[in-house]
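Grab a pencil and work through these exercises with the model open beside you. Each one comes with a worked solution.

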Amino acid sequence: MITRRTFLASTAATTATFTGHAFAQSKVVWKASDVHPLGYPTVEAIQNMGKKLEAATNGRISIQMFPSMQLGGEKEMIEQAQVGALQIARISVGAMGPVVDDLNVFNLPFVFRDEAHMRKVIDGPIGQDLLDRVTASPASRLVVLGWMDAGTRNVYANKPATKPADLKGMKIRMMGNPLFVETMNAMGGNGVAMGFNELFQALQTGVVDGAENNPPTLLAQNHYTVSKVYSLTGHLIIPEIFVFSKRTWDGLSKEDQALVRKLSREAQMEQRALWDKYSGEAETKLKAAGVKFVEADKKAFYASTQPIRDKYGAKYAALLKRIEETR
Ligand code: GTR
């Protein structure tokens, strides 16, 4: 039975847990969340970060991972991290664009030449500057810990989408950001904004005809069991970020903050290695499961999305030039 006393005691324990240094000896368990399942590169990198954190603090701080959308979709994860109900969230820059507009520069179609170009940009001054802006933005209420890789997004459905005309009349799920809906419309389809947590069912029941994502997601979320044709449109290369609740962060000691920063850097590098391995395996597994990979006319999709870069890219003109010049 929960008496008033035990209720108060457990509330106090939670407070001690999340304010950190005020109760130096109490054990702290930080909640981390990801939409992907155990074994996915982003999930594994954060779990390994948790193990190192536990070792470095002699068990004082650990991380409990809530994978597979247990805490909701990315919009919900962002909100929970903002209020301190969750400490670490790994989210796509796609989902963060509506929170911090600066990030939308990476959400433009074909903004990067390829994944190597994207890595060069996030590893350099542009990447660091954007992370700093998100942390500094009063709207974010998040401290960004680092970048993660998410490959290239391509369209999947039950028929090929090799050129804009193929997408005519097709409802394609996009992440919840007007920029993406308009991008899909410019690509020839009908973009439908929808939370990631609703997508599998929507594909299965035909509420949408298809979606777009990287091969690891197509595999890990089982979307390949209902969408069998993967057209290599390559329209978006969107990195991801992992963030820490500013509310919790502000209560940490300087030493703990420095430790988290150091381990985050390691997690970022580890995720990249895990990503490369997992992506290769995902392609092999998808093909073995009967998914057809088809080449698409990227030049035609590039041309059809020019109005999106013109409309949304104008305010980032100087930055876009620097991105383009990054070699
Ligand atoms: C994945 C990404 C997720 C989520 C998802 C989506 O590639 O890893 O964080 O953003 O795409 O399409 O919603």
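**Exercise 1. Work out the strand order of the four-stranded open sheet, then find its edges.**

Step 1. Reading across, the order is β8-β5-β9-β11, and the pairing is mixed. Strands here are DSSP runs of E with at least two residues, numbered from the N terminus, and two of them pair if DSSP finds at least two bridges between them.

Step 2. β8 (211-213) and β11 (292-295) each have a single partner strand, so they sit at the edges with one side lacking a neighbour in the sheet.

Step 3. From one strand to the next, the twist averages 40°, with axes fitted as lines to C-alpha atoms and angles running from 0 to 180 degrees between N-to-C directions.

Step 4. Now zoom in on one pair: β5 (residues 153-157) and β9 (residues 229-236) are antiparallel, with four bridges. Look for Ala-157 opposite Val-229 in β9.

A quick word on the source: this is a predicted model, where local features need pLDDT of at least 70, side-chain atom pairs count only at pLDDT 80 or more, and totals for chains, interfaces and linings use all residues. Residues are numbered from 1 along each chain as its sequence is written, and side-chain values use heavy atoms, with hydrogens and water left out.

**Exercise 2. Do likewise for the open sheet of five strands.**

Step 1. The order is β2-β1-β3-β10-β4, again with mixed pairing.

Step 2. β2 (61-66) and β4 (142-148) are the edge strands; each has a single partner, so one side of each is left without a neighbour in the sheet.

Step 3. Here the twist averages 25° from one strand to the next.

Step 4. β1 (residues 28-33) runs parallel to β2, joined by six bridges, and Trp-30 faces Ile-63 in β2.

**Exercise 3. Find what surrounds the ligand, and explain why the ligand lies between two domains.**

Step 1. Count 13 residues around the ligand (a heavy atom within 4 Å); the closest are Glu-74, Arg-153, Arg-173, Asn-213 and Glu-240.

Step 2. Check polar contacts, meaning N or O pairs within 3.5 Å. Polar side-chain atoms of His-36 and Arg-153 each lie 2.8 Å from a ligand oxygen, and one of Asn-214 lies 3.2 Å from a ligand oxygen.

Step 3. Domain 1 (27-150 + 239-282) and domain 2 (153-237 + 284-325) both contribute residues to the shell, so the ligand lies between them; the bounds come from an automatic or database domain assignment.

Terms used:
A polar contact is a pair of N or O atoms within 3.5 Å; within protein, one must be able to donate a hydrogen and the other to accept it, and residues adjacent in sequence count only if both atoms are side-chain atoms.
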